[in-house]
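Colleague: I have a few minutes before my next run, so could you walk me through this model? Let's begin with charge pairs and see where that takes us.

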Amino acid sequence: MATNENLPPNVIKQLAKELKSLDESPPEGIKVVVNDDDFSTIFADIEGPVGTPYENGLFRMKLILSRDFPCSPPKGYFLTKIFHPNIATNGEICVNTLKKDWNPSLGLRHVLTVVRCLLIEPFPESALNEQAGKMLLENYDEYARHARLYTGIHAKPKPKFKTGAISESTTALNVDPTNASALSTDLKNASATALPLVCPTANSITVVRSGQEQQQPNVVTALASESGVGGSGVGEAPAAMVKKESGHLKMQQVGKKKIDARKKSLKRL
């Protein structure tokens, strides 16, 4: 694997300075990925220019620097698949800046800018992808359709998710995020186990007091589940009330018989 040892110290110093500049103030639509352990391979992400078939795409490319750089130009490759006349199917880039027009005074910023401009204005006369070059010359609409298709399939940028969104929303509601799921579970369990309220029944119980019949409604109050009384306990409440009233009725009848007996004995006297 290539390391910084493959490059002369003065070149490494110059590259370090240029990469720092690219990182602090990147060219429009270009982001350089810096690897401090290996300056011989430079990676960059290029945004598809607006108004081209590559719009909304994100393309990864690399520049490979040889040991005699900057006397010889770097070699450029697209790692993302792209339909372009000047980019071969293996990703090799064909542009004059990296070939006959190379100048040792040209820096990485200039090279990356030229590559992005190639997406805006291709050169079909020096095509590495003959199909794309021919299509561009004969039927631009068909060429653009192919280029957009490749862009949509291979150059879709990865979605960016905002971190901390859940914790921010729970904080705004004054909810502890660690207990949010437990709270939801407790509410579900409470609603599932709670006993429904029992409406008063339409039936009534006939009670005889002092020789008169009275209608007493048979009303049952619902009990909460946490009181520990089950369904059988609720059902026993009316029965107990009837039993109590029956006993009271019997006592009244016995007392009445005793009074009648005393009245009879008094009449005899």
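Modeller: This is a predicted model, and a good place to begin is the salt bridge that Asp45 forms with Arg60, whose closest N and O atoms lie 2.4 Å apart. The pair links distant parts of the chain, with Asp45 in strand E2 (residues 41–47) and Arg60 in strand E3 (residues 58–64), 15 residues apart.

Colleague: Is Asp45 buried or exposed?

Modeller: Asp45 is buried, since its relative accessible area is 16% and the cut-off for buried is under 20%. Its partner Arg60 counts as partly exposed, at 29% relative accessibility.

Colleague: How many salt bridges does the structure hold?

Modeller: The structure holds two salt bridges. Besides the pair of Asp45 and Arg60, there is one between Glu142 and Arg145, where the closest N and O atoms are 2.8 Å apart. As a general point, side chains of opposite charge can pair when their charged atoms come close.

Colleague: Where do Glu142 and Arg145 lie?

Modeller: Both Glu142 and Arg145 lie in helix H4 (residues 140–154), and they are three residues apart, which is about one turn of the helix. Glu142 counts as partly exposed at 26% relative accessibility, and Arg145 is also partly exposed, at 43%.

Colleague: Staying with H4, at what angle do H3 and H4 pack?

Modeller: Helix H3 (residues 130–138) and H4 pack at an angle of about 135°, and their axes are 6 Å apart. That angle makes H3 oblique to H4. On the H3 side the contact is made by Ala132, Met135, Leu136 and Glu138, and on the H4 side by Tyr140, Glu142, Tyr143 and His146, so Glu142 takes part in this contact as well as in the salt bridge with Arg145. By class, the contact of H3 with H4 has five nonpolar, one polar and two charged residues.

Colleague: And which residues of H1 and H2 meet?

Modeller: Helix H1 (residues 9–24) and H2 pack at an angle of about 50°, with their axes 10 Å apart, and that makes H1 oblique to H2. Leu15, Glu18, Leu19, Ser21 and Leu22 in H1 meet Leu108, Arg109 and Leu112 in H2. The residues of the contact of H1 with H2 divide into five nonpolar, one polar and two charged.

Colleague: Changing topic, what does the UniProt annotation "active site" cover?

Modeller: According to the UniProt record, which is an unreviewed entry, the annotation "active site" covers Cys94. In the model, Cys94 is found in the loop between strand E4 (75–78) and helix H2 (108–120).

Colleague: Buried or exposed, that Cys94, and what does Cys94 touch?

Modeller: Cys94 is buried, with a relative accessible area of 12%. Not counting residues up to four places away in sequence, Cys94 touches Asn86, Lys99, Leu118, Ser126 and Leu128.

Colleague: What about Thr97, where is its place and which residues is it in contact with?

Modeller: Thr97 has its place in the loop between E4 and H2, and at 13% relative accessibility it counts as buried. Leaving aside its neighbours within four places in sequence, Thr97 is in contact with Trp102, Leu106, His110 and Val114.

Colleague: And Lys100, buried or exposed?

Modeller: Lys100, which lies in the loop between E4 and H2, counts as exposed at 68% relative accessibility. Lys100 and Pro73 are 27 residues apart in sequence, and their C-alpha atoms are 9.2 Å apart in space.

Colleague: Last topic, the backbone: which residues does a cis peptide bond join?

Modeller: A cis peptide bond joins Phe69 and Pro70, with omega about 10°, and Pro70 is found in the loop between E3 and E4. For context, most residues other than glycine have a negative phi, and most peptide bonds are trans.

Colleague: On phi, then, which residue has a positive phi although it is not a glycine?

Modeller: Asn56 has a positive phi of about 70° and is not a glycine. The place of Asn56 is in the loop between E2 and E3, and at 63% relative accessibility Asn56 counts as exposed. The loop with Asn56 lies between E2 and E3, the strands that carry Asp45 and Arg60, which brings us back to the salt bridge we began with.

Key
Residues are numbered from 1 along each chain as its sequence is written. This is a predicted model: local features need pLDDT of at least 70, side-chain atom pairs count only at pLDDT 80 or more; totals for chains, interfaces and linings use all residues. Side-chain values use heavy atoms; hydrogens and water are left out. UniProt positions are given in the numbering used here, feature names are shortened, and annotations may be inferred rather than shown by experiment. Helices (H or I, at least four residues) and strands (E, at least two) are DSSP runs, numbered from the N terminus. Buried means under 20% relative accessible area, exposed over 50%, partly exposed in between (1.4 Å probe, protein chains only). Contact means heavy atoms within 4.5 Å. A salt bridge is a side-chain nitrogen of Lys or Arg within 4 Å of a carboxyl oxygen of Asp or Glu. Axes are lines fitted to C-alpha atoms, for helices over the stretch in contact, and angles run from 0 to 180 degrees between N-to-C directions. Angles under 35 degrees count as roughly parallel, over 145 as roughly antiparallel, 65 to 115 as roughly perpendicular and the rest as oblique. Ala, Val, Leu, Ile, Met, Phe, Trp, Tyr, Cys and Pro count as nonpolar, Asp, Glu, Lys and Arg as charged, and the others, Gly among them, as polar.
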